[in-house]
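I have a two-chain model open and want to jot down what I look up, entry by entry. Strand pairing comes before anything else, then the chain contact.

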Amino acid sequence: MNRQISFTQSILLGFLGLACFLGFWQGMAMSGLVSDIFLPSPVEVYERFMALLDRRFAGATLPGHLAASFQRFAYGFLLAAAIGIPLGLLMGWYQLLDEIVSPLFDALRFVAPIAWVPFAALWFGTGIGGPIMIIFAGAFPPCVINAYRGAKFVDPRLIEAANMLGTPSRRVIMEVLLPSSVPSIISGLRVSAGLGWQSLVGAELIVASAGVGYMMVQGQANIQTHTVMAGMVAIGLVGLALDSALRGLERYIQKRRGLDH
Amino acid sequence: MGVIQFQNVGKIFGSRDSGFVALKDIDLEIRDKEFVAIVGPSGCGKTTCLRMVAGFENATDGVVSVDGTPIKRPGPDRAVVFQQFALFPWKTVYDNIDLGLRNLNVSGSERANRIEAILNLMNLTQYAKHFPHQLSGGMQQRVAIARAYVLDPDVLLMDEPFGALDAQTRVVMQEELVRLARKNPRTVLFITHAVEEAVYLADRVAIMTRAPGRIKEVLDVASIRNAEDWDSHEKIEDVMDLESFVHLRTHIWRSLREEKAAQHA
């Protein structure tokens, strides 16, 4: 089975999967097997979603909550990129640094972002520092790992060319290692944005003012399953948008480099 | 100045007792402004010779030196032209050529002048703002040669520079290199497995044995070139038709074939 699937077919198949899922869900909700307090139908979730767009719940509308979440996410994500990318590149270039940092980094990597919640709460209470720390914990490792990989897999001939041109180390890093690693760094940022965004709800369990996670926790407290699920839909949609934006960036850079010929 | 000296040079990859002996007892002196080509069967270590002068590899035995100074690391006094060009894909033609000059802290206006001159010399002026992937292989290698030449290096190291080009482009580049070398003589170490290319370009041709590589024979092409007045012929095919050229080429062919035969014996 090596038949090529066209772009239109692939879109149609995607919709088919979605339709089956929604159909099954609607069927389950209508069958009365599960009480609609716990399983609202897709239509109810959709209506709730639309209502939340301009009606306040837990202190803000859904876009308001999303904006608060996104701001925290952006801080954590940008901080992870700003520290992780240079660190990864330097680890790929200086073996000594690699030996020093790698064991510590590998151990810390196994502490899941959500496992940082109690620690972050102790340090920052309900301030903005806590969620940023947790999002950072999710987003940081892929930034480091992919920048490191990019630096390790740079074409050795380009390093030789830079050396024979008498290029000082700092300039080799900025003008050879970094641009050569861009494709790997961008795919790292994609993974990193995904993990950071996923860590958001965990982060927002400890924030008491606003955010999609906060809205969902409030929905849970009020036994409003449709609010909780509308929050999940919003998280999914924003994640999807984020990923396709970074995917677009990835393609744009590959095209500029002529890598797709 | 740019005198390259190999004194008793050996190279072993891996450990001294079980490693691969790539080169053994290499003795060769390349005079200032001389163009020397090394030919040999593949795997004979000819590229390793060049990489040691470039500073990419260290000799296991003996000394490789330029103007009497043993080589420790790569540097812009020994510019390299690679077989696969090794241009920076994210830099324009102009910026590729500029990098070496910036490293030498050449002033902005002088850099602009030198780059303009070399672009002009290599017929690249209209491609200054292009990226490497927008150019043909021949064009890319012109850029790589320009990037090396613009540094005004004492020594130019060329590692099968035309090996990745098609036959027609190759001939054009060979003629161009001769033109460039006449106008702007440098000490050149040129690695190739194309015998005709070596005879056409070089003042002397060194023939290497199969691994462990040794210098088997060094042929003086320059004296024959001058005696037979090869330079009066503008086209490469006219030179290649001359009896003296054919004679030299055949001599090298035979010598290499003996190596090949020894390998299979």
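**Entry: a parallel pair in chain B**

I started with Val36(B), which stands opposite Arg204(B) in β9(B). This is a predicted model, so I am reading it as such. The two strands involved are β3 (residues 35-39) and β9 (residues 204-208) of chain B, and they pair in the parallel sense over 4 bridges.

Next I asked which sheet holds this pair, and in what order its strands lie. It is an open sheet of 6 strands in chain B, ordered β6-β7-β8-β3-β9-β10, and the pairing is mixed. At its edges I found β6 and β10 (215-220) of chain B, each of which pairs on one side only. I also looked up the twist: neighbouring strands of this sheet are turned by 15° against each other on average, if direction is ignored.

Reminder to self: strands of a sheet pair through backbone hydrogen bonds, either parallel or antiparallel.

**Entry: the other sheet in chain B**

I then went to the open sheet of 4 strands, which has the order β2-β1-β4-β5 in chain B and antiparallel pairing. Its edge strands are β2 (20-30) and β5 (69-70) of chain B, with each pairing on one side only.

I walked across this sheet pair by pair:

- β1 (residues 4-13) of chain B runs antiparallel to β2(B), and 7 bridges join them. I checked Ile12(B), whose bridge partner in β2(B) is Val21(B).
- β1(B) and β4(B) are antiparallel too, with 5 bridges. Here Gln7(B) has Val63(B) in β4(B) as its bridge partner.
- β4(B) and β5(B) pair in the antiparallel sense over 2 bridges. Ser65(B) is partnered by Pro70(B) in β5(B).

What sits between β4(B) and β5(B) in their hairpin? I counted 2 residues between the strands, and noted that Asp67(B) takes a positive phi near 55°.

Which helix packs on a sheet that includes β2(B)? I found helix α1 (residues 46-54) of chain B there, touching β1, β2 and β4 (61-66) of chain B. The direction of α1(B) makes about 65° with that of β2(B).

**Entry: Pro74(B)**

I picked Pro74(B) in the loop between β5 and β6 (78-81) of chain B. Is Pro74(B) buried or exposed? Pro74(B) counts as buried because it has 23 C-beta neighbours inside 10 Å, and the cut-off for buried is 20 or more.

I listed its contacts next, leaving aside neighbours within four places in sequence. From chain B they are Ala54(B), Gly55(B) and Phe56(B). From chain A they are Glu160(A), Asn163(A) and Met164(A). I also took one long distance: the C-alpha atoms of Pro74(B) and Val246(B) are separated by 38 Å, and the two residues are 172 apart along the chain.

**Entry: where A meets B**

Those chain A partners sent me to the contact as a whole. How many residues does each chain put in? I got 14 residues from chain A and 19 residues from chain B. On the chain A side, α7 (156-164) and α8 (169-198) each supply at least two residues. The largest share of that side, 6 residues, comes from α7(A). By class, the chain A side has 7 nonpolar, 4 polar and 3 charged residues.

**Entry: chain A overall**

I counted 11 helices and 0 strands in chain A. The C-alpha atoms of chain A fill a box of roughly 75 × 55 × 30 Å along the principal axes. Of the 261 residues in chain A, 35% are buried. Taking contacts in chain A between residues at least 6 apart in sequence, I found that 74% join residues at least 24 apart.

The domain assignment splits chain A into domain 1 (1-34) and domain 2 (40-257). The centres of these two domains of chain A, taken over C-alpha atoms, are 29 Å apart.

**Entry: confidence in chain A**

I finished with the confidence values. The mean pLDDT of chain A is 89, and 97% of its residues reach 70 or more. Among the elements of chain A, α7(A) has the highest mean pLDDT, 96, and helix α9 (residues 200-204) the lowest, 82. For the notebook: where pLDDT is low, the predicted coordinates should not be read in detail.

Terms used. Residues are numbered from 1 along each chain as its sequence is written. Chains are lettered from A and ligands numbered from 1 in the order in which they are written. This is a predicted model: local features need pLDDT of at least 70, side-chain atom pairs count only at pLDDT 80 or more; totals for chains, interfaces and linings use all residues. Two residues are in contact if their C-beta atoms, placed from the backbone, lie within 7 Å. Ala, Val, Leu, Ile, Met, Phe, Trp, Tyr, Cys and Pro count as nonpolar, Asp, Glu, Lys and Arg as charged, and the others, Gly among them, as polar. Two strands pair if DSSP finds at least two bridges between them. Axes are lines fitted to C-alpha atoms, for helices over the stretch in contact, and angles run from 0 to 180 degrees between N-to-C directions. A residue is buried if 20 or more other C-beta atoms lie within 10 Å of its own, exposed if 12 or fewer, and partly exposed in between; C-beta atoms are placed from the backbone. Domain bounds come from an automatic or database domain assignment. pLDDT is the predictor's confidence in each residue, from 0 to 100.
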